[in-house]
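Student: I would like a close look at one part of this model, namely a helix and the sheet it packs against, together with whatever ties the two together. Please take the surroundings into account as well.

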Amino acid sequence: MTSRGRAERGVATGLVAAGLRMLAGLVAAGMVLLVLQITAHRVQGAADLVALTAAQAKNLGTGEPCAAASRAATADDVTLLDCRVGGGELAFVVTVTVRGGGERILFGLPLQQQAAAHAGVPAGP
């Protein structure tokens with residue numbers, strides 16, 4: 001064997017190991033982004049449900065819309081940050097802002113997300 005052949009021995013092993021480390025890092029980063037995206041979708045769905053609950057309470061006259069929104073937020077494990085009702089008796093819009101996702105931290109990134117939603121009966125032409 002020549003001296004050049006001995007110097008190149010094991011180079012492929014090092015390259016493969018470096019490639020696997022890079023691949024593992026990319027997979028880990030992808031998983032973090034996936035968890036953040038899932039949390040954001042769950043919180044947005046909760047905001048939509050809370051807004052619809054408040055709009056239904058206003059439309060049916062079964063109670064205070066923001067109180068209904070608060071109960072729905074608690075049931076869906078999110079925090080109601082803001083609730084506003086605008087408009088009259090027939091045409092109205094309920095706007096809510098919620099925060100959810102827990103206090104967990106994943107690789108230094110908080111999993112807590114915030115979302116807003118609107119629901120109601122728009123004024124017709």
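Tutor: A useful place to begin in this predicted model is Thr39, which counts as buried because its relative accessibility is 8%, under the 20% that sets the limit for that class. Thr39 belongs to helix H2, which spans residues 11-60, and its side chain reaches the backbone oxygen of Val35 at 2.9 Å. Leaving out residues up to four places away in sequence, Thr39 touches Gly101, Leu111 and Gln113.

Further along, Ala55 also lies in helix H2, and with a relative accessibility of 7% it counts as buried. Once its neighbours within four places in sequence are set aside, Ala55 is in contact with Phe92, Val94, Ala119 and Gly120. Ala55 and Val121 are separated by 66 residues in sequence, yet their C-alpha atoms are 8.0 Å apart in space.

These contacts lead to the sheet. H2 lies across S1, S2 and S5, and its direction runs at about 30° to that of S5. The sheet itself is open and has three strands in the order S1-S2-S5, paired in the antiparallel sense. S1 and strand S5 (113-121) stand at the edges with a single partner strand each, so one side of each has no neighbour in the sheet. Ignoring direction, neighbouring strands of this sheet are turned against each other by 15° on average. In general, strands of a sheet pair through backbone hydrogen bonds, in either a parallel or an antiparallel way. Here, the antiparallel pairing of S1 with strand S2 (residues 92-100) runs over eight bridges, and Thr79 has Arg99 in S2 as its bridge partner.

The helix that you asked about can be taken as H3, which packs on this sheet by touching S1 and S2, its direction making about 150° with that of S1. Within H3, the residues Pro65, Ala68, Ala69, Ala72 and Ala73 are buried. These residues cover an arc of only 140° around the axis, and therefore they sit on the same side of H3. The spacing has a general background: an α-helix has 3.6 residues a turn, so residues three or four places apart point the same way. What covers the buried residues of H3 includes H2, S1 and S2, whereas Arg71 and Thr74, on the other side of H3, are exposed. After H3 comes Asp77, whose phi is positive, near 60°.

What remains is the tie between helix and sheet. The structure holds one disulfide, and this bond joins Cys66 to Cys83 with an S to S distance of 2.2 Å. The pair links distant parts of the chain, 17 residues apart, with Cys66 in helix H3 (residues 65-75) and Cys83 in strand S1 (residues 79-87). In general terms, a disulfide is a covalent bond between the sulfur atoms of two cysteines. The torsion about the S-S bond of Cys66 and Cys83 is about -85°, so this disulfide is left-handed. The two cysteines fall on either side of the 20% limit for burial: Cys83 is buried because its relative accessible area is 19%, while Cys66, at 21% relative accessibility, counts as partly exposed.

Taken together, H3 rests on the sheet through contacts with S1 and S2, and the disulfide between Cys66 and Cys83 adds a link from H3 to S1.

Methods:
Residues numbered from 1 in each chain as written. Predicted model: local features only at pLDDT ≥ 70, side-chain atom pairs only at ≥ 80, totals over all residues. Heavy atoms only, no water. Helix = DSSP H or I, 4+ residues; strand = E, 2+ residues; numbered from the N terminus. Buried < 20%, exposed > 50% of the residue type's maximum accessible area, 1.4 Å probe, protein only. Polar contact = N/O pair within 3.5 Å; in protein donor to acceptor, adjacent residues only side chain to side chain. Contact = heavy atoms within 4.5 Å. Disulfide = S-S within 2.5 Å. Pairing = 2+ DSSP bridges. Axes fitted to C-alpha atoms, helices over the stretch in contact; angles between N-to-C directions. Arc of directions from axis to C-beta.
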